[in-house]
Number of protein chains: 2
Amino acid sequence: MNDTAPQQQQPHPQPQPQKKILIVTAHPDPRSLTNSLAAFATEHLRAAGHEVQVSDLYAMKWKATVDADDFPDEPGDGRLHVMSASERATLAGRLSADVAAEQEKVRWADAVILQFPLWWFSMPAILKGWVDRVFTAGFGYGPALPPPYSESALGGRRALVSVTAGARETSFSDRGIHGRLADVLHPVQHGLFWFTGMTPLEPFTVYNANDLPAEGFETAKREYARRLEGLFTDTPVPFRTLTGGDYDHDMRLLPSVENPGTTGFDLHVRPHD
Amino acid sequence: MNDTAPQQQQPHPQPQPQKKILIVTAHPDPRSLTNSLAAFATEHLRAAGHEVQVSDLYAMKWKATVDADDFPDEPGDGRLHVMSASERATLAGRLSADVAAEQEKVRWADAVILQFPLWWFSMPAILKGWVDRVFTAGFGYGPALPPPYSESALGGRRALVSVTAGARETSFSDRGIHGRLADVLHPVQHGLFWFTGMTPLEPFTVYNANDLPAEGFETAKREYARRLEGLFTDTPVPFRTLTGGDYDHDMRLLPSVENPGTTGFDLHVRPHD
């Protein structure tokens, strides 16, 4: 190649179709790593032409606890069958305003990003309370929705966990003492995202997060940027579907559909060809 | 055998040593299945001569969210490094009174029972907030405690998850679509109990809990009674220990210590002989 040749003109980058993204972030310190990553994601996605809404749960003073106040039409006699009350209120459009507003954001979004520190190997309570309160019966799941769950009302949305963990990466590796991070997050990846019809991506993780040096934060932002750029194009986790013919009527995986030796949560991921 | 022989006299039952048990329960309805099971456990354990304390989180209006109010000595400038603040407050005896009182109950207990409905494949937010706020650095884990975690300050305590799930049992079976229940609960069983040095038992579960008929509740109580009677004698989940020589310095399981074909969370359970 003749290095004195004029630079070949780059083609104009293909404009990405504009998408709508909801970022939910959950840390009490506005300048924490969690909220810094949420701010970085917001800027990065907006710079790419996308629309972003942010639910900063601590800033919103989000109420974490499901109780009778969520369902103003319930009799208020102390009795509360949560799933029934939740479905009645959802179908009647009589949920409390804070819950209804978050449901509207999820409906609006083409992708949902949950940004949180791993506390006790799961979400902080304030974020668990966002999940508990927002994904009501009749919204994220339930008899009023057409089965199967995996093609439910929230189908078509991509979903990304972006998590910071104090532990080192090896401790969450395949033989790591805490288990593989994707398995630890299974209640979110499969339990929440897959169950409500969303399409989960592999989690994005920053390890050693309790004392991350400045260059670690720069590296984390570069890696996060790549994941954000692939939000709508990266291959998602290929969980099996209820309609795919892999499960029996008792919701058990049929015999011999997995590769030999597959066990545990891996059973529910489609094997590579 | 001569069936006219007089019945052999039963020896007096060995009196069980009195133990102290903390039951933490988390459902907004006092007459829910969750709180009915908590009440049953309380009565059953007391009838056996044990001491029981109950933390009914909804009745206590437990604050679910970790924030600066938990650490009255922090500067209050909006900055909050949760782990550092938590450890400083714990070591200085300057935690908020509600957290300190729950820590005292855990220290007092020989066994801890967590009674909750499975919401989104994990604890209700109010209970996650009990975990987040009570198990501070310096109490359940952290540099001020002698390593390894598994022989930490909370060692010697047994720990039982007693959970109600709306789904059918097959969906949480070995090939069930949601994964094995013990794997779904791994963040509690290994992440919380094992990590803080407690000794987890297999979870006790009531399935089909959204609409349990009366006879189902009677069956559940009989099965729960057996588990409560075995609280201090049943074989616990034999998680490997950090001191057992099974892990390298990066907290990864050493090669070939498991039975061939073992994968996932099962790697961290000692194989049967």
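**Notebook: rings, symmetry and one helix**

I began with charges over rings in this predicted model, and found A:Lys19 over the face of A:Phe232, 5.0 Å from the ring centre. In the other chain I noted a second case, where the charged end of B:Arg133 sits over the ring of B:Trp62 at 4.7 Å from its centre.

**Symmetry**

Next I asked by what turn and shift chain B can be laid on chain A. I found a turn of 180 degrees and a shift of 0.0 Å along the axis, with an RMSD of 0.0 Å, and I recorded this as the relation of a two-fold axis. Looking for the C-alpha of chain B nearest the axis, I arrived at B:Ala125, which lies 2.4 Å from it. I also checked the contact residues, and 100% of those of chain B recur in chain A, so that the same surface serves both copies.

**Aromatic pairs**

I then searched the whole structure for aromatic pairs and obtained 23 over all chains. I looked at A:Phe135 with B:Trp120, an edge-to-face pair with 6.1 Å centre to centre and 75 degrees between the planes. This pair crosses between chains: A:Phe135 is in the loop between α4 (125–134) and β4 (158–164) of chain A, while B:Trp120 is in the loop between β3 and α4 (125–134) of chain B. Are these two residues, A:Phe135 and B:Trp120, buried or exposed? I found A:Phe135 buried, and B:Trp120 likewise.

I turned to A:Phe195 and B:Phe121, whose ring centres are 5.7 Å apart with the planes at 65 degrees; over 60 degrees counts as edge-to-face, so I entered the pair as such. Here too the pair crosses between chains, running from the loop between α6 (186–194) and β5 (199–200) of chain A, which holds A:Phe195, to the loop between β3 and α4 of chain B, which holds B:Phe121. Both A:Phe195 and B:Phe121 came out buried.

Following ring pairs onward, I traced a cluster that links residues including A:Trp120, A:Phe121 and A:Tyr207 with B:Trp130, B:Phe135 and B:Phe195.

**Helix α7 of chain B**

Last, I went through helix α7 (residues 214–229) of chain B, which has 16 residues and reaches 23 Å from its first C-alpha to its last, close to the 22 Å expected at 1.5 Å a residue. I listed its buried residues as B:Gly216, B:Ala220, B:Lys221, B:Tyr224, B:Ala225, B:Arg227 and B:Leu228. I kept in mind that an α-helix has 3.6 residues a turn, so residues three or four places apart point the same way. What covers the buried residues of α7(B) includes α1 (33–47), β3 (111–117), β4 (158–164) and β6 (204–206) of chain B.

Methods:
Residues numbered from 1 in each chain as written. Chains lettered and ligands numbered in written order. Predicted model: local features only at pLDDT ≥ 70, side-chain atom pairs only at ≥ 80, totals over all residues. Heavy atoms only, no water. Helix = DSSP H or I, 4+ residues; strand = E, 2+ residues; numbered from the N terminus. Expected span 1.5 Å × (residues − 1). Buried < 20%, exposed > 50% of the residue type's maximum accessible area, 1.4 Å probe, protein only. Contact = heavy atoms within 4.5 Å. Least-squares fit on C-alpha atoms with pLDDT ≥ 70 in both. Phe/Tyr/Trp six-rings, centres within 6.5 Å; stacked < 30°, edge-to-face > 60°. Lys NZ or Arg CZ within 6 Å of the ring centre and 35° of its normal.
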